[in-house]
Structures are given as C-alpha cells and as structure tokens.
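The following exercises concern the fold of a single chain and the placement of one of its helices. Each task is followed by a worked solution.

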Amino acid sequence: MKTVLLLDDARSIRSVYAEVIRQAGFEAQTASSAEEGLQYIVDHGTPDLIITDINMPGISGMEFCKRVRHVAKHTPIIIMSALSDKGLVAEAKTFGVQGWLLKPVEPEYFLNKLKSILGETQALSS
C-alpha cells in the first residue's frame, strides 16, 4: 500500500484530507509541523508522496521541501496552501515540487491529483 505523508498545522485539514487519502486505499500519515514530518521520514523512511502546507510554525513548508530533497531526491511533493504567490510557486519548482493545490481543495480534485502522481488509475477498494 502506498503511503502519503500530509503536513499541515491545522488539525481539521489533516483530519479531512487524511480520511480522503484512506478512503482511496492509501495509507495516510500526518504531521502537524515540518519538524514532525522530518522525524517521520527519519523513523519510517520516505513515503510515496508528501503533501505539505507552506505556512507552519517553526520550519516553513518551503524549507521542509529543501531539506527533504537532501534525503529523498525523487519523492513527489505537492504543496497545499492558501497562498498562490507566483514567486513561491517558481521557487517550489526548483525543489522538484510536482503540484500546488490552492486551499480549500475539493476532495475529488485532491484525490485525482494524488492518483495521477502515484500512478493509480482508480481507487483501491475491496
């Protein structure tokens, strides 16, 4: 089962989107900060996909992306943020970020983006 690591300081965002991820048949791991996300990677290895917010206390999502690239050069990363600054989007692309989702994200659009990046043509269900 493919694992998605979702970083967001808002508990409600983590809860809603983790449930969407699980209902699609993926394993959802969450972190409330970049530090917690980095620790997850140290403890459990690199997930199949990382989704991160930009504005979080402590280390920003952008700095998180920079640090992840040192240990996980090819892991897909999506930024999910209320910000849509073209400069930030351009900077994110330099770190190999595969997508930028503008909050609030419709669950169906969110799921389609995940499936497209993870190479899944349909949700895994039994």
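**Exercise 1.** In what order do the elements of the chain run from the N terminus on?

*Solution.* The model is a predicted one. Begin with the inventory: the chain has five helices and five strands. Next, trace them from the N terminus, which gives the order β-α-β-α-β-α-β-α-β-α.

**Exercise 2.** Determine which radius of gyration a compact globule of 126 residues would have, and set the value of the chain against it.

*Solution.* For 126 residues, the expectation for a compact globule is near 14 Å. The chain has 13 Å, which agrees with that expectation. Along the principal axes, the C-alpha atoms fill a box of roughly 40 × 30 × 25 Å. Turn then to burial and contacts: 48% of the 126 residues are buried. Of the contacts with a separation of 6 or more, 62% join residues 24 or more positions apart.

**Exercise 3.** Establish where the buried residues of helix H2 (residues 34-44) lie around its axis, and what they pack against.

*Solution.* First, list the buried residues of H2: Ala34, Gly37, Leu38, Tyr40 and Ile41. These residues cover an arc of only 150° around the axis, and therefore lie on the same side of H2. The general rule is that an α-helix has 3.6 residues a turn, so residues three or four places apart point the same way. Secondly, inspect the other side of H2, where Val42 and Asp43 are exposed. Thirdly, identify the packing partners of the buried residues: strands S1 (3-7), S2 (27-31) and S3 (49-52), together with helix H3 (61-71). Finally, just after H2, Gly45 adopts a positive phi of about 90°.

Key
Residues are numbered from 1 along each chain as its sequence is written. This is a predicted model: local features need pLDDT of at least 70, side-chain atom pairs count only at pLDDT 80 or more; totals for chains, interfaces and linings use all residues. Side-chain values use heavy atoms; hydrogens and water are left out. Helices (H or I, at least four residues) and strands (E, at least two) are DSSP runs, numbered from the N terminus. The radius of gyration is taken over C-alpha atoms; the globule rule is 2.2 Å times the number of residues to the power 0.38. Buried means under 20% relative accessible area, exposed over 50%, partly exposed in between (1.4 Å probe, protein chains only). Contact means heavy atoms within 4.5 Å. The arc is that of the directions from the helix axis to the C-beta atoms.
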